[in-house]
Amino acid sequence: MKITSSKRTRGMTLLELTVVILVLLSLISILFIGARAWKKGSDRAGCIMQIRNVQQAVRSYANMNGVNPAATVTGLQSLVVGTGKFVEKTPACPAAGTYAYGGDTIPAVGTLYMTCSLATSDEHVPGSYSDW
């Protein structure tokens, strides 16, 4: 009768190591996808906040100076945006878009004074601004 000793060596097989690496790569890829989506969402939210702040600044200027919507105010942007004004710094889109201002006309309620160049893709557009 032959006695065989089954001795198992310590360590991982190549198959086990491959499975562990694949699981780690999958988790890392999910992390990157989530981080990218989070960044995109935060950029959109930041841009909409900039648009809202300027809109409120224009409304405040109009209310404080008794100016009605559709009225022309020469240099409106410089009266609203700048040091010591309603908006201290010139707004910059967090996603590297550019802002276009509405000129010297006080916008009607529900019309935006400032828009983002990324608004064409519906990314940097407020969901509802009918009461702004």
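What radius of gyration does the protein have, and what value would a compact globule of 132 residues have? In this predicted model, the radius of gyration of the protein is 28 Å, whereas a compact globule of 132 residues would have one near 14 Å. The box filled by the C-alpha atoms, taken along the principal axes, is roughly 110 × 30 × 20 Å. The secondary structure consists of two helices and two strands, and these elements follow one another along the sequence in the pattern α-α-β-β.

Of the 132 residues in the protein, 23% are buried, and the accessible surface comes to about 9,300 Å², with 61% of that area belonging to carbon and sulfur atoms. Among the contacts with a separation of 6 or more, 58% are made by residues that stand 24 or more positions apart. With regard to charge, the protein carries 12 positive and 7 negative side chains, and a distance of 19 Å lies between the centres of the two sets.

Helix 1, which comprises residues 14–65, contains Q55. The relative accessibility of Q55 is 1%, and because this value falls under the 20% limit, the residue counts as buried. When residues up to four places away in sequence are not counted, Q55 touches P107, T111, L112, Y113, M114 and W132. One of these partners, M114, falls within strand 2, the element that spans 114–116.

A search of the whole structure finds three aromatic pairs. One of them is formed by Y61 and F86, whose rings are arranged edge-to-face, with 6.4 Å from centre to centre and 90° between the planes. Because Y61 lies in helix 1 and F86 in the loop between helix 2 (76–80) and strand 1 (99–101), the pair ties together parts that are 25 residues apart in sequence. As for the accessibility of the two partners, Y61 is buried, with a relative accessible area of 14%, while F86, at 36% relative accessibility, counts as partly exposed.

Another approach of sequence-distant positions involves D131, which is placed in the segment after strand 2 (114–116). The C-alpha atom of D131 is separated by 6.2 Å from that of V109, although the two residues are 22 residues apart along the chain. D131 has a relative accessibility of 62%, and because this value is over 50%, the residue counts as exposed.

The backbone was also examined for positive phi values. Most residues other than glycine have a negative phi. Against this background, A70 has a phi near 80°, a positive value in a residue other than glycine. The position of A70 is in the loop between helix 1 and helix 2, and with a relative accessibility of 62% the residue counts as exposed. A positive phi is likewise found at A96, where the angle is near 70° in a residue other than glycine. A96 is located in the loop between helix 2 and strand 1, and its relative accessibility of 69% places it in the exposed class.

How values were computed. Residues are numbered from 1 along each chain as its sequence is written. Side-chain values use heavy atoms; hydrogens and water are left out. Helices (H or I, at least four residues) and strands (E, at least two) are DSSP runs, numbered from the N terminus. Buried means under 20% relative accessible area, exposed over 50%, partly exposed in between (1.4 Å probe, protein chains only). Contact means heavy atoms within 4.5 Å. Rings of Phe, Tyr and Trp (its six-membered ring) pair if their centres lie within 6.5 Å; planes under 30 degrees apart count as stacked, over 60 as edge-to-face and the rest as tilted. The radius of gyration is taken over C-alpha atoms; the globule rule is 2.2 Å times the number of residues to the power 0.38. Accessible areas come from the Shrake-Rupley method with a 1.4 Å probe; for residues, only the protein chains shown count as cover. Lys and Arg count as positive and Asp and Glu as negative; His and the chain ends are not counted. The place of a charge is taken as NZ of Lys, CZ of Arg, CG of Asp or CD of Glu.
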